[in-house]
Amino acid sequence: RNSGFENGKLGHPISDLAEDPATGLHQQNYQYGAIEGSDELGYWIKNEQIDNRWLELGGPSGTLGNIKSGINTNARTGIYWVDFENGYIVGKDSTGYWESMGKSRDVWARSGFEGGNLGFPTGSLTPDTETGFYTQTYEKGTIVGNDTKGYYLLSNRIYDYWKKDPSKLGSPIGNLNQNKITGIYWVDFENGYIVGKDSTGY
């Protein structure tokens with residue numbers, strides 16, 4: 001009813017309500033989309049990109065586990081998200097939909113989520129074989145770390161510089177800092193610092 005019945009954005013139903021074996025949710029297909037959900041969680045208009053990312057991560061038996069909510073949104077920032085047992089899938093159409101979980105999510109939260117210094121995620125949380133850390137890229141930076149060393153916020157330029165020879169400086173031990181008067185940025189590492197600004201380099 002909320003979509004406007006047959007004159008709304010979904011159009012006419014073209015299938016019966018049936019269980020999707022991949023997600024465990026009930027789904028009914030329409031001319032221009034689908035409705036999915038369960039009696040426990042409620043029903044919502046399906047977001048294919050969120051479902052696809054969940055299934056890429058293994059679906060209910062994978063990284064994120066079972067779904068715990070329908071689709072949520074913040075009209076001010078344009079973000080959509082779904083809760084899972086072990087984290088979230090978050091995003092918007094222009095930046096994609098990506099997992100957000102664990103200690104890396106805590107760093108994003110402290111930065112202000114999508115409305116803060118990092119903006120929206122633009123990639124998955126993935127292991128980096130060159131540095132030995134997990135990384136996740138965002139519109140305005142990169143979160144880097146692991147459970148042993150912690151997770152930290154780096155600018156994309158500083159991350160790219162460090163990644164050329166991570167053994168030289170060792171692990172990051174602090175987040176991105178800025179001197180608002182001079183415009184300089186810096187990050188502390190075990191064996192030194194990376195400093196600079198975009199106009200002069202790092």
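Two strands count as paired here if DSSP finds at least two bridges between them. With that in hand, hello everyone, and let me walk you through this one; please keep in mind that it is a predicted model.

I'll start with β11, residues 141-146. Five bridges join β11 to β12, and the two strands run antiparallel. To give you one pair to look for, V144 has Y152 in β12 as its bridge partner. The connection between β11 and β12 is a hairpin, with three residues between the strands.

Now look at the other neighbour, β10, which covers residues 133-138. β10 also pairs with β11 in the antiparallel sense, over five bridges. Here T137 is the bridge partner of T142. Again we have a hairpin, this time with two residues between β10 and β11.

So how many of the residues of β11 are buried? Six of the six are, so the strand is largely enclosed by the rest of the structure. If you turn the view, you'll find G141, I143 and G145 pointing one way, while T142, V144 and N146 point the other way. That fits a familiar pattern: in a regular strand the side chains alternate between the two faces of the sheet.

Let's move on to helix α1, residues 48-56. Its N-terminal end is capped by N47, which places a side-chain oxygen 3.0 Å from the backbone nitrogen of Q49. After the helix comes G58, with a positive phi near 105 degrees.

Which residues of α1 are buried? They are I50, D51, R53 and W54. These residues cover an arc of only 165 degrees around the axis, which means they sit on the same side of α1. What do they pack against? Their partners are the strands β3 (33-38), β6, β7 (87-92) and β8 (96-100).

W54 brings us to the nonpolar cores. The largest one has 13 residues, and W54, L64, I67, F84 and I89 are those with the most contacts inside it. Both α1 and β6 (79-84) supply at least two residues each to this core. L64 is a nice place to centre your view: leaving aside neighbours within four places in sequence, its contacts include W54, L57, F84, Y88, I89 and M101. There is also a second, separate core of twelve residues, with L154, L169, F189 and Y202 among them. As a reminder, in soluble globular proteins, nonpolar side chains tend to be buried together.

Last topic: charges. The count comes to seven salt bridges, and I'll show you three of them.

First on my list is K149 with E190, whose closest N and O atoms are 3.0 Å apart. K149 lies in the loop between β11 and β12, and E190 in the loop between β14 (185-189) and β15 (192-196), so this pair ties together parts that are 41 residues apart in sequence. K149 is partly exposed at 37% relative accessibility, and E190 is partly exposed too, at 41%.

Next, R157 and D198 meet in a salt bridge at 3.6 Å, N to O. R157 belongs to helix α3 (residues 156-163) and D198 to the segment after β15, so this pair also links parts 41 residues apart in sequence. R157 is partly exposed, with a relative accessible area of 40%.

Elsewhere, salt bridges that share partners join K46, E48 and D51 into one network. Within it, E48 pairs with K46, their closest N and O atoms being 4.0 Å apart. Is each partner buried or partly exposed? E48 is partly exposed at 46% relative accessibility, whereas K46 is buried at 16%.

Thanks for listening, everyone!

Technical notes. Residues numbered from 1 in each chain as written. Predicted model: local features only at pLDDT ≥ 70, side-chain atom pairs only at ≥ 80, totals over all residues. Heavy atoms only, no water. Salt bridge = Lys/Arg side-chain N within 4 Å of Asp/Glu carboxyl O. Buried < 20%, exposed > 50% of the residue type's maximum accessible area, 1.4 Å probe, protein only. Helix = DSSP H or I, 4+ residues; strand = E, 2+ residues; numbered from the N terminus. Core = buried A, V, L, I, M, F, W, Y, C linked by side-chain atoms within 4.5 Å. Contact = heavy atoms within 4.5 Å. Arc of directions from axis to C-beta. Polar contact = N/O pair within 3.5 Å; in protein donor to acceptor, adjacent residues only side chain to side chain.
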